[in-house]
Amino acid sequence: IEEQLRKSDTLNVIGELAAGIAHEIRNPMTALKGFIQLLEEIITKEHSLYYQVITSELARIDSIINEFLILAKPHATKFQEKDLNKILKETVDLLSAQAVLHNVQFLTDMDSKLPLVFCEPNQLKKVFINIIKNAIEVMPMGGNITITTKMLEGEQVQISIQDEGSGISKEKIKKLGEPFFTTKDEGNGLGLMVSYRIINDHQGSITIESEEGRGTTFYIQLPLDLKEKKETV
Ligand code: ADP
Ligand code: MG
C-alpha cells in the first residue's frame, strides 16, 4: 500500500509539472512546425532526408506533449454513471482494424448485469485503448485478447485484459507506469503512466499478472462510486 501511495503522489506532482511544461512547449512547437512546412518547398533533393527526420521527430515531440497534456485533463472533466461494457465494446470496435492487421482476435466475456460506474468515460476509454494497444503490440504473430468484466465484493467492478504475448519479467513489472519506461523502439513509455493516473483519479487500481513467454493480464478495479466526489468543472 505504501508503494501505491508513493506512486500516486509522484504521479500527481509529475502530472501537474508535465502538463505545465507541455503547455509552454506547445507555442514554440507551433512556430517551428509552421516554418518548417514553408521550407518544404525550397528544400533541395540532397537535403530531403534531413527534412524527413526533422518532421518525424517533431511529430514525436507532438505525441509526447499530447500525452502529457492528457495528464492535466481529469480535473476538468465530468464524471457520469456509465455502462463499462458499452465503453469497452466501443474501444474494441475502434481498434478492430488494427487487430485484424496484426492477426489478433478479441474474445469477450462481459457481465451483462454489471452496474453502472461513476466515471469519466473518455478517460477510461483512453486507459482501455492504451492497454489493448500494448496487448496487440506484444503479439507480433497474432493471438487472442480476452476482455472480461465482473462484479467484485465491496461495490467494485473488475475489468481484465489478457494477452498471449511475451509476458513481462518481475523487475520490469515494477517499472510499469514510470514515465518513459519503454522496451519498444517506437515507444514513448507514457501510455501506462497516463493510465495509472486516470485510474488513480477514479480511486481504482491496476494490478498485473504476467508469465514470461505466456502472456499478461491487466486487472483494473474500479469502485462503483467515488468516496469523495471530485469537483467537476
Ligand atoms: P509504450 O507502449 O510506448 O512502450 P507504455 O507505457 O504503453 O509505453 O508501456 C510501457 C512498457 O510496458 C512497454 O514498452 C512494454 O515493455 C511494457 N508492457 C506494457 N504492456 C505490456 C504487455 N501487455 N505485455 C508485455 N509488456 C507490456
Ligand atoms: Mg503503449
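Two strands count as paired here if DSSP finds at least two bridges between them. With that in hand, let's walk through this predicted model, starting at a strand with a partner on each count below. β5 and strand β7, residues 215–223, pair in the antiparallel sense over seven bridges. If you look for Q156 of β5, you will find P223 as its bridge partner in β7.

β5 also pairs with β4: the two run antiparallel and are joined by seven bridges. Within this pairing, I147 stands opposite I161 of β5. The side chains along β5 are worth a pause. In a regular strand, side chains alternate between the two faces of the sheet. In β5, V157, I159 and I161 point to one face and are buried, while Q156, Q158, S160 and Q162 point to the other face and are not buried.

Now follow the chain through the turn of this hairpin. Three residues lie between β4 and β5, and G154 among them takes a positive phi near 75°. E155 sits in the loop between β4 (143–152) and β5 (156–162), and has a positive phi of about 55° although it is not a glycine. E155 counts as exposed because it has 11 C-beta neighbours inside 10 Å, where the cut-off for exposed is 12 or fewer.

A second non-glycine residue with a positive phi is N103, at a value near 65°. You will find N103 in the loop between α3 (84–101) and β2 (104–109). N103 has 12 C-beta neighbours inside 10 Å, so N103 counts as exposed.

Let's turn to the helices and the ligand. α6 is mostly covered, with ten of its eleven residues buried. Those buried residues are G191, L192, M193, V194, S195, Y196, R197, I198, I199 and D201. After α6 comes Q203, whose phi is positive, near 60°.

α6 (191–201) also helps to form the surroundings of ligand 1: this helix and α4 (121–137) each supply at least two residues of the shell. α4 gives the most, with three residues. In total, 20 residues surround ligand 1, and the closest are N134, T182, G187, G191 and L192. Two of these names, G191 and L192, have already appeared among the buried residues of α6. What is the make-up of the shell around ligand 1 by class? It has seven nonpolar, eleven polar and two charged residues.

Technical notes. Residues are numbered from 1 along each chain as its sequence is written. Chains are lettered from A and ligands numbered from 1 in the order in which they are written. This is a predicted model: local features need pLDDT of at least 70, side-chain atom pairs count only at pLDDT 80 or more; totals for chains, interfaces and linings use all residues. A residue is near a molecule or strand if its C-beta atom, placed from the backbone, lies within 6 Å of it. Helices (H or I, at least four residues) and strands (E, at least two) are DSSP runs, numbered from the N terminus. Ala, Val, Leu, Ile, Met, Phe, Trp, Tyr, Cys and Pro count as nonpolar, Asp, Glu, Lys and Arg as charged, and the others, Gly among them, as polar. A residue is buried if 20 or more other C-beta atoms lie within 10 Å of its own, exposed if 12 or fewer, and partly exposed in between; C-beta atoms are placed from the backbone.
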